[in-house]
Amino acid sequence: MDSVQPAKVVENMIQAGKTKANLSIKHLLIRGGLAGAFLGYATTLAFTANLQTGIDMMGAILFPVGFVMIILLGLELVTGNFALLPAAKLNGQVSTAGMLHNWFWVIIGHLIGSIFYALLFVAATTQFGTAGPSAMSELLIAVAETKTIGYAALGGAGLGTVFIKAILCNWMVALGAIMAMTSKSTIGKIAAMWLPILIFFGQGFEHAVVNMFVIPAGMMLGAEVTIADWWLWNQIPVLLGNLVSAFLLAGAALYFTHGKKETGKEAALQNLKKAQ
Amino acid sequence: MDSVQPAKVVENMIQAGKTKANLSIKHLLIRGGLAGAFLGYATTLAFTANLQTGIDMMGAILFPVGFVMIILLGLELVTGNFALLPAAKLNGQVSTAGMLHNWFWVIIGHLIGSIFYALLFVAATTQFGTAGPSAMSELLIAVAETKTIGYAALGGAGLGTVFIKAILCNWMVALGAIMAMTSKSTIGKIAAMWLPILIFFGQGFEHAVVNMFVIPAGMMLGAEVTIADWWLWNQIPVLLGNLVSAFLLAGAALYFTHGKKETGKEAALQNLKKAQ
Amino acid sequence: MDSVQPAKVVENMIQAGKTKANLSIKHLLIRGGLAGAFLGYATTLAFTANLQTGIDMMGAILFPVGFVMIILLGLELVTGNFALLPAAKLNGQVSTAGMLHNWFWVIIGHLIGSIFYALLFVAATTQFGTAGPSAMSELLIAVAETKTIGYAALGGAGLGTVFIKAILCNWMVALGAIMAMTSKSTIGKIAAMWLPILIFFGQGFEHAVVNMFVIPAGMMLGAEVTIADWWLWNQIPVLLGNLVSAFLLAGAALYFTHGKKETGKEAALQNLKKAQ
Amino acid sequence: MDSVQPAKVVENMIQAGKTKANLSIKHLLIRGGLAGAFLGYATTLAFTANLQTGIDMMGAILFPVGFVMIILLGLELVTGNFALLPAAKLNGQVSTAGMLHNWFWVIIGHLIGSIFYALLFVAATTQFGTAGPSAMSELLIAVAETKTIGYAALGGAGLGTVFIKAILCNWMVALGAIMAMTSKSTIGKIAAMWLPILIFFGQGFEHAVVNMFVIPAGMMLGAEVTIADWWLWNQIPVLLGNLVSAFLLAGAALYFTHGKKETGKEAALQNLKKAQ
Amino acid sequence: MDSVQPAKVVENMIQAGKTKANLSIKHLLIRGGLAGAFLGYATTLAFTANLQTGIDMMGAILFPVGFVMIILLGLELVTGNFALLPAAKLNGQVSTAGMLHNWFWVIIGHLIGSIFYALLFVAATTQFGTAGPSAMSELLIAVAETKTIGYAALGGAGLGTVFIKAILCNWMVALGAIMAMTSKSTIGKIAAMWLPILIFFGQGFEHAVVNMFVIPAGMMLGAEVTIADWWLWNQIPVLLGNLVSAFLLAGAALYFTHGKKETGKEAALQNLKKAQ
């Protein structure tokens, strides 16, 4: 049957986490790099729709295209991995080192892919600097500034806000990666994972990988943002917030309610195999 | 075959009700908590769409995302359970105590999840109180007031209205949980359950779990609503209205027309097993 | 395979007609009652969309939600049965009495369900009479008057118009019930049956069961329509027009072109079984 | 597997062409008649959407509903048959006489069905002549005149234009019938065939069967179009243009690139069977 | 199961590349010709939508119709082949000569098909020159000029821009061809390939085959563009940019991360077969 039961979904989460913890740096960089670029594509697509219609929700309805490509092509997305590897770790299938190894190199891959796409996109949209400011370049600048010095201007409240928005974001993104496992058919996967991604983007929550494109792109176009602004007021708190919700509210929550019996059975099988 | 016949749907309802009646408090709290938060997410997504387009139906078209996540991830929703457990009870598979046990702890879970999401959302949307009033905060306040002191202002007619709107709401929501069982494929489940949820939200009927987010969120933002207003003029009559329609108009109605023969057969098998 | 060949569709029509002719009054009332209420829900949803967008086609795009619920939950809809039972009768599987028995009790069920929903909806929308006239109540009144005394004002031309519009309506609705049989998957059924229902509602043709909600609801809200107006200028000619097209243009037409060989084979098998 | 390989699609085209060439006049008339009426329905639905939104593409997005019903219910459409029977003929499975027999009687069926629908629709929309001119009746008149005397006013350039527009139309419609064969599931068939039909209608190309409804309907409503105008400046050149593209650019093109090996194999099997 | 794992997708890419390298000139011309025409159709459909709504994203949402037809009917598209044949070549299944043979003749086919469609479309839209300038003809002229002399006016920056836009385009188009392989069902294929095509067209990136229609069509309508302008400032740099991204960023990237083990196994099987 096409539809996958929740207990089996958690089993798949654990299996996926285990596989991901064992990927070599080369694979993590290629897969993370492609994923970073694809979210950049999705972001500029969504912004184009917003500028044309004046309705941000239109962009949000289109944005999941990039996420779907990442999942269907078996790439690596750290915000999803923030839920999958902990689930495998809770089940004893993955070491902390393996988990951190994955996260670190995938983030490096995302940075490379996102900034590579930002370079290409900025070159194209400014026609190598010969074009004047466009609606798109002004939007990217404004978003980059809002997401960094905008929070800085609020001090501790800004830091709290960006952290909460990162938590709100990745509860959904992590579930996007998980909901793709509720179906064995491509159309089922696409539909299921579209939903939580739409929820987060439609409400402007903070996603670490999207920001790896949008803030550097804004900076290239002239945003008044330093690298320190980018990391201190956005990238670091967003990565932490994304991790908290993926780990606790998605990965662990589902593991503790749907994973127990299944994993007990699996552990038994595991032991059986070792014994043979 | 992917499509499930009505008699088998009723059988699945009974089976689901039985399973749900036997879940421990831990599972009911986790699953109910996640479900409460997801409906909160869906509500703020829908409100965002409404504010951007000025057309409430746009929000209603998006709102079922949260319900779909609840069902596909095997969580607990009391408004669906108001139909499923009675069906199992009519079939003699569930005791009244088991049914009330499920409902009570799922409601507690919903309250925890909904209020947790409301806290995060309010913190983010007000930027920890540093931002002035936004369209979203004003909308949440207005909705919270309309749904409580708005009814109170009408006295008995208000109480009657909220009760009828709760009946109208949950006839559909309960059918959403049931229609998800008409298909064995994820895309079929999503499409089938989307419909009744769209119907209720598009017409502004009263759903107990949505209100567990929207009224507290409005209160946190400054709505002139007391806890007594919330429970007396909304939460209690809405829970009762939701229960009435789910029980009588969805669960029992389908049980009595599609469940009979099937359950006779099942009872026979049941007895056979006991006899062995 | 998921897709069902036309000859097999006709065979399923006959089988469905046979089953429906043998349902007890209890089942016909419950299933017809639910179906009547669901079309009421779909109608108020569509009207809400129309009022919000000013584009009636938006409502028509949403309206099939009610029809889909009826079919997937195995309920009874007399306008579909106007095609299915005649097909079974042409095949000699159903008596005229069995056919009329089904139609009569399903219509009674529809009336109960539609008027029950109308009562609830009117109570909610007028807040038990305490609210002033709303856009929705004015629309329901206007539609109820147009569909009755509007035709009466034209005399014979009005009667002819309502009858032709009923024919045009139910050629499509009957095909909706039939097209649901072209697929074995839920998503295929939903997509296939959505189309003809959208066609009829989008063009404002006359459907007997929709009118069982919309005219009484308008009357409850103050439309200048008597019960005689309702039945003489709408309900009776619409039922007749619905019957004509479902019977001749949908049921019989498909039976005579796709049913022949299949039914010959079936009749042979039937005889074979009797002989054994 | 649900998806059908191109070589198998061509094999199915040949098989369909063969079956169609052997249908009796009765079947061709019933199936062609229903198909003609359904395209009439789809046309008035699309025109309604256009009038309500002012955006013709909205109508084009809805228009394929009629085509889908024709294909899923196994009816006959001459514009699709213009590709399917030639493919079977190229393969030696169908005689020229069989091909012309199908086309002739299906066209007669289309005329009967289209004009029957036009009569009903005109009666309903004018309320048996008692209603004044409506936006719909004025649109139908204008379209009927543009599609006939509009071309006549341009002389040879008009004849050339209508012929080219018929070629452009039916390259797509013929592929609609063929793309329905790329899937074994109903939803796959619907999605695949929707696309080329949308392409043609969205650009206002000339389709023989649509015109069999829209021009007579316009004439009934008062368009200044004679039967000679209809046939000489539209129906005949459109049928020819539709035939040219379906035959050469759809049927033959696919046959010569995907049909060869397959048909060799089939011919061999054919001979084998004869030899037995 | 319907969904295809990434390693198997890469295996399919290699297999497809191998098959394509062995097609005769006849097949490459027919399949490339049809594909060229279909993208022309899709382009004029999208432009029609843009002109009617004033929102270019509407056209982009519809544009993938042409791409889907190409893939489902097993035709040849050079921009997809820029990824598929290199993957097969990296795996040692295809010679450089075979790869260039495919690309060259498919491009010739595209030119024939695109210009053929342009001739038909221009004849129809100008009514053989008797109609005055239309919104469509003015748009085609403007686009043709922007895409050629527009870049020329910027000199080196223009050349750089068109090259980068071609890279950005075909990263997505190549993935469109690849994502169609992530599913075995038609609906899954359609949904998966729709996404990257929407991404590229929605942002106005440069696609070689679309330009083979749009620039000649603009020229026929009076754009101030010479054949040298067309090729030097657009067609050649776009083909090169399309090749770079399809080869390196789609084909090779996926090959190196998902292809390794699989291809080792396959090579072993290959050797085994040779040894037999």
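Is T148(B) buried or exposed? In this predicted model, T148(B) has a relative accessible area of 0% and is therefore buried, the cut-off being under 20%. I shall start from that residue, then turn to the salt bridges, and close with the contact between chain B and chain A.

T148(B) sits in the loop that runs between α7 (135–146) and α8 (149–152) of chain B. A polar atom of its side chain lies 2.7 Å from the backbone oxygen of A144(B). Leaving aside residues up to four places away in sequence, T148(B) touches I215(B), V225(B), D229(B), W230(B), W233(B) and N234(B).

Let me move to charged pairs. Side chains of opposite charge can pair when their charged atoms come close. Over all chains, the count is 15 salt bridges. I have selected three of them for discussion.

The first example is in chain B, where a salt bridge joins the side chains of E76(B) and K20(B), at 3.0 Å from N to O. This pair links distant parts of the chain: K20(B) belongs to helix α1 (residues 6–21), E76(B) to the loop between α4 and α5 (78–90), and 56 residues separate them. E76(B) and K20(B) are both buried.

The next example is in chain D. Here the side chains of E206(D) and K147(D) form a salt bridge, with an N to O distance of 3.0 Å. Distant parts of the chain are again linked: E206(D) is in the loop between α10 (186–202) and α11 (208–220), K147(D) is in the loop between α7 (135–146) and α8 (149–152), and they stand 59 residues apart. Both E206(D) and K147(D) are buried.

The remaining example is in chain E, where K8(E) and E11(E) are bridged through their side chains at 3.6 Å, N to O. These two residues are three apart within helix α1 (residues 6–21) of chain E, about one turn of the helix. K8(E) counts as partly exposed because its relative accessibility is 38%, between the limits of 20% and 50%.

A brief remark on cysteines. How many disulfides does a search of the whole structure find? The result is zero over all chains. C169(A) is buried, at 0% relative accessibility, and C169(D) is likewise buried, at 0%.

I come now to the contact between chains. Chain B contributes 38 residues and chain A contributes 42 residues. About 3500 Å² is buried between the two chains, and carbon and sulfur atoms give 77% of that area. On the chain B side, the greatest losses of area to chain A fall on Y41(B), M69(B) and L73(B), which together make up 18% of what that side buries.

What of the polar terms across this interface? The rule finds zero salt bridges between chain B and chain A. There are, however, 15 residue pairs in polar contact between them, both residues being at pLDDT 80 or more. Four helices of chain B each supply at least two residues to the side that touches chain A, namely α2 (25–53), α4 (64–72), α6 (96–125) and α10 (186–202). Of these, α2(B) gives the most, with 14 residues. By class, the residues on that side of chain B comprise 24 nonpolar, 10 polar and four charged.

Finally, chain D. Chain A and chain D are not in contact, and their closest C-alpha atoms are 11 Å apart. Chain B does not touch chain D either, the nearest C-alpha atoms lying 11 Å apart.

Methods. Residues numbered from 1 in each chain as written. Chains lettered and ligands numbered in written order. Predicted model: local features only at pLDDT ≥ 70, side-chain atom pairs only at ≥ 80, totals over all residues. Heavy atoms only, no water. Disulfide = S-S within 2.5 Å. Buried < 20%, exposed > 50% of the residue type's maximum accessible area, 1.4 Å probe, protein only. Contact = heavy atoms within 4.5 Å. Buried area = accessible area lost by both parts, 1.4 Å probe. Salt bridge = Lys/Arg side-chain N within 4 Å of Asp/Glu carboxyl O. Polar contact = N/O pair within 3.5 Å; in protein donor to acceptor, adjacent residues only side chain to side chain. Nonpolar A, V, L, I, M, F, W, Y, C, P; charged D, E, K, R; others polar.
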